[in-house]
Amino acid sequence: MHQEYRYFMILNKLSVVNFKNIRTASLDFSPKLNCLIGSNGMGKTNILDAVYYLSFCRSAFNPVDSQIITHGEDFMVLEGSYSSDHDDVENIYCGMKRGSRKHFKRNKKEYKRLSQHIGLIPLIFVSPADASLIDGSSEERRKLMDMVIAQYDNAYMDELSAYNKALQQRNALLKMEEEPDVALMEIWETQMAQAGEAVYRKRDAFIKELVPVFQKIYSSIAGEQEEVSLNYISHCQRGPLLDVIQRDRFKDRAVGYSLHGIHRDDLEMLLGGYQMRREGSQGQTKTFSLALKLAQFDFLCRTNSATTPLLLLDDIFDKLDAQRVEKIVQLVAGDHYGQIFITDTNRDHLDSILKHTNLDYKIFEVVDGDIRQRME
């Protein structure tokens with residue numbers, strides 16, 4: 001989809017109460033570039049996480065909601081006021097009391113299911129934690145695919161949860177002391193296969209389209225000499241998933257869980273045809289995960305919502321040589337990106353971005369969870 005058809009969603013104002021180490025903050029953002037400066041551990045990343053939370057109904061780092069409420073406090077509130085260049089205004093509110101479930105509202109109307117909200121405000125978050133995409137478990141890489149696909153395909157999360165529910169039921173049967181009911185086993189296997197193949201097709205199509213964009217972005221940052229690729233691996237590639245699942249039922253029964261299915265899918269990350277986790281330097285690994293995230297950004301721009309995602313860049317310049325930093329600066333300063341939030345411990349990199357561009361910007365200083373805009 002070409003640039004002229006895309007529209008931008010902008011976070012104009014963020015209010016935070018008792019979120020991690022931020023007791024209270026009310027911030028007015030630039031529609032283009034927002035820089036958060038401060039030493040490590042001061043709360044810069046927590047601001048980005050609050051923005052992420054308003055898109056995904058959860059923290060990027062901690063799945064336990066009660067642990068993100070400030071220590072010693074009973075509740076937290078996040079509120080974001082967004083506008084698009086179509087003049088739509090969206091007010092997103094999240095409130096949670098300790099020990100109760102969270103309430104998510106769009107324009108004062110509460111969602112029945114949180115999954116209805118995902119994709120309204122597309123977002124890509126680049127952070128040092130992305131290293132786990134390369135050296136972490138296959139679960140991290142599946143989550144990466146799921147988080148992007150869910151933002152443009154409303155049915156995807158339903159298919160994934162139908163699969164996971166059937167998988168849990170089948171695993172419960174496999175663990176039983178006595179011989180499980182075969183007819184019941186087949187019902188869950190059929191549901192696993194149907195939902196699993198739907199998920200597989202979407203993941204496969206996504207990766208096929210992502211790879212060339214990812215390769216192009218990587219080589220623009222690293223230079224032409226390094227060749228990278230992604231290889232999607234799934235049991236669905238061995239034939240009809242139902243056959244694959246049922247073929248090893250005896251073995252599954254012995255171990256007490258399902259050895260085959262899309263819950264074992266993986267994404268091989270390759271540098272020069274070899275595993276990135278074994279071959280890559282720190283700089284190459286960081287460039288790889290950054291290019292992967294920026295390729296997802298590009299992908300979301302071209303999908304059906306045609307909304308340019310918010311781009312959150314957390315401490316991305318660390319461990320990169322000057323040449324790669326320069327290339328990234330040129331990339332993000334271009335008009336391809338919409339609203340950008342960027343953190344760093346010092347001003348040098350940000351000054352070089354600001355020098356490259358005439359973008360509107362605001363700079364905020366973060367000290368112990370206290371955030372103030374710098375007037376320059």
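## H260 and its surroundings

H260 lies in the loop between α7 (249-255) and β10 (266-271), where helices (H or I, at least four residues) and strands (E, at least two) are DSSP runs numbered from the N terminus. The model is predicted: local features require pLDDT of at least 70, side-chain atom pairs count only at pLDDT 80 or more, and totals for chains, interfaces and linings use all residues. Residues are numbered from 1 along each chain as its sequence is written, and side-chain values use heavy atoms, with hydrogens and water left out.

With a relative accessibility of 11%, H260 counts as buried; buried means under 20% relative accessible area, exposed over 50%, and partly exposed in between (1.4 Å probe, protein chains only). Not counting residues up to four places away in sequence, H260 touches Y163, M192, H235, R238, V244, I245 and D248, contact being heavy atoms within 4.5 Å. The side chains of H260 and R238 are also joined by a polar contact of 3.4 Å. A polar contact is a pair of N or O atoms within 3.5 Å; within protein, one must be able to donate a hydrogen and the other to accept it, and residues adjacent in sequence count only if both atoms are side-chain atoms.

## The sheet β9-β10-β11

An open sheet is formed by 3 strands in the order β9-β10-β11, with antiparallel pairing; two strands pair if DSSP finds at least two bridges between them. The edges are held by β9 (228-233) and β11 (274-275), each with a single partner strand, so one side of each has no neighbour in the sheet. Between β9 and β10 the antiparallel pairing extends over 6 bridges, and I233 has D266 in β10 as its bridge partner.

Two helices pack on this sheet. Helix α3 touches β9 and β10, and its direction makes about 100 degrees with that of β10. Helix α5 likewise touches β9 and β10, its direction making about 175 degrees with that of β9. Axes are lines fitted to C-alpha atoms, for helices over the stretch in contact, and angles run from 0 to 180 degrees between N-to-C directions.

In a regular strand the side chains alternate between the two faces of the sheet. Along β9, V228, L230 and Y232 point to one face and are buried, whereas S229, N231 and I233 point to the other and are not.

## Helix packing around α5

Two packed helices are described by the angle between their axes and the distance between the axes. For helix α3 (residues 138-149) and helix α5 (residues 182-222), the axes come within 11 Å and cross at roughly 90 degrees. This crossing makes α3 roughly perpendicular to α5; angles under 35 degrees count as roughly parallel, over 145 as roughly antiparallel, 65 to 115 as roughly perpendicular and the rest as oblique. On the α3 side, R142, M145, D146, V148 and I149 meet K202, R203, F206 and I207 of α5. By class, this contact has 5 nonpolar, no polar and 4 charged residues. Ala, Val, Leu, Ile, Met, Phe, Trp, Tyr, Cys and Pro count as nonpolar, Asp, Glu, Lys and Arg as charged, and the others, Gly among them, as polar.

Helix α5 also packs with helix α10 (residues 322-332), at an angle of about 125 degrees and with the axes 8 Å apart. The two helices are therefore oblique to each other. Here I217, Y218, S220, I221 and A222 in α5 meet R324, K327, I328 and L331 in α10. The residues of this contact divide into 6 nonpolar, 1 polar and 2 charged.

## H356 in helix α11

H356 is placed in helix α11 (residues 348-356) and, at 36% relative accessibility, counts as partly exposed. Beyond residues up to four places away in sequence, H356 touches E326, V329, Q330 and A333. The C-alpha atoms of H356 and E326 are separated by 9.8 Å, the two residues being 30 residues apart along the chain.

## Further residues: S84, N18 and N107

S84 is located in strand β4 (residues 75-84) and is buried, with a relative accessible area of 7%. Its contacts, leaving aside neighbours within four places in sequence, are Y7, F8 and M9.

Two residues other than glycine have positive phi values: N18, near 55 degrees, and N107, near 50 degrees. N18 is found in strand β1 (residues 7-19) and is buried, with a relative accessible area of 5%. N107 occupies the loop between β6 (103-106) and β7 (109-110) and counts as partly exposed at 39% relative accessibility.
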